[in-house]
Every structure is written in structure tokens, then in C-alpha cells.
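Good morning, and thank you for joining this short presentation. I ask you to keep the sequence and the structure in view while I speak.

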Amino acid sequence: MAAPFIYAIPGMSVDGRIFQKLSLPYPMKVLEHRMGDQQMSLRDYALSYLSQIEHESPIIMGLSMGGLMAQELAQVVNAQKLILISTIKRGDDLPLRLRWM
């Protein structure tokens, strides 16, 4: 089995620098934000990140909105582990003012 690899997804208002000071035991790649639109479902938006994932059974880590993306991706890529940082469990937990996303 290959060594674990971490894919990190930052929140909407930050970029990959948010993860720079983390000391992790495995290599990590920050996934670049994708442009979505209001017509996309949360799942479809998350799946737009798939083209950036190159390893089997990775560790998926998400921060804030990136945590929602991470949860959706983890189901599709057979993630070994899921790391959620400052996020919610599901889209229904979003405050009403943010549910248009």
C-alpha cells in the first residue's frame, strides 16, 4: 500500500496559505478553488475537485466551506480518513442566510 497522501481544501475566503504552518506526517497538496455557480448543487461543486486528486484512498482535509467539499469528496474517492476543521456536518446546518450556496 502506498504512503498516505493528504488533500486539503481551504474555505471560500482563504487560500492554501492557511495550511502552511501545519506539521503533518504525510505529504499534502492544497486543492485549488473551482469556479462554481448558483445553479450547482453542493455535491456537484465538490465533485469539480475530482480532477485534482491523483492518489487512491487519500486523506481529505477541509476547512470551513472546504470541509463541506471534503465530506462529499471523501465518499467518492474512498478516503482513508476525513479531517474537518471548523465546519458543519451537512449543508442543512448552514445558517439561513448562506443556504443559497
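Beginning at the N terminus, the elements of the protein chain follow the order β-β-α-β-α-β. In total, that gives two helices and four strands. The radius of gyration is 13 Å, close to the 13 Å that the globule rule gives for 101 residues, so the chain is as compact as a globular protein of that length. I should state at once that this is a predicted model.

Some overall values come next. Along the principal axes, the C-alpha atoms fill a box of roughly 40 × 25 × 20 Å. Of the 101 residues, 33% count as buried. If we take the contacts with a separation of 6 or more, 42% of them are between residues 24 or more positions apart. The chain exposes about 6500 Å², and carbon and sulfur atoms supply 52% of that area. As for charge, there are 10 positive and 9 negative charges, and their mean positions are 8 Å apart.

Let me now turn to strand β1, which comprises residues 6-9. Are the residues on its two faces buried or exposed? Both faces are covered: Ile6 and Ala8 on one side are buried, as are Tyr7 and Ile9 on the other.

Which strands pair with β1? One is strand β2, residues 28-30, which pairs with β1 in the parallel sense over three bridges. Another is strand β3, residues 59-63, where the pairing is also parallel and runs over four bridges. Isoleucine 6 has a bridge partner in each of these strands: methionine 28 in β2, and isoleucine 59 in β3. Please locate isoleucine 6 in the view, as this residue is also among the buried residues of β1 that I have just named.

I move on to the helices. Arginine 43 lies in helix α1, which covers residues 42-47, and glutamate 72 lies in helix α2. What does arginine 43 touch, leaving aside residues up to four places away in sequence? Its contacts are Glu72, Gln75 and Val76. With the same neighbours in sequence left out, glutamate 72 touches Arg43 and Ala46.

The exposure of these two residues deserves a comment. Arginine 43 has a relative accessible area of 36% and is therefore partly exposed. Glutamate 72 has a relative accessible area of 18%; buried means under 20%, so this residue counts as buried. For a further distance, consider arginine 43 and proline 95, which are 52 residues apart along the chain. Their C-alpha atoms are separated by 18 Å.

Finally, I would draw your attention to two serines and their backbone angles. Serine 64 has a phi near 60 degrees, a positive value in a residue other than glycine. Where is serine 64 found? This serine is in the loop between β3 and α2, the latter spanning residues 65-76. Its relative accessibility of 35% is the reason why serine 64 counts as partly exposed.

Serine 86 also has a positive phi, near 50 degrees, and is likewise a residue other than glycine. Its place is in the segment after β4, a strand formed by residues 81-85. The relative accessible area of serine 86 is 64%, so this residue is exposed.

That concludes my presentation, and I thank you for your attention.

Notes. Residues numbered from 1 in each chain as written. Predicted model: local features only at pLDDT ≥ 70, side-chain atom pairs only at ≥ 80, totals over all residues. Heavy atoms only, no water. Buried < 20%, exposed > 50% of the residue type's maximum accessible area, 1.4 Å probe, protein only. Pairing = 2+ DSSP bridges. Rg over C-alpha atoms; globule rule 2.2 N^0.38 Å. Contact = heavy atoms within 4.5 Å. Areas by Shrake-Rupley, 256 points an atom, 1.4 Å probe, with all protein chains shown as cover. Lys, Arg positive; Asp, Glu negative; His and termini not counted. Charge placed at Lys NZ, Arg CZ, Asp CG, Glu CD.
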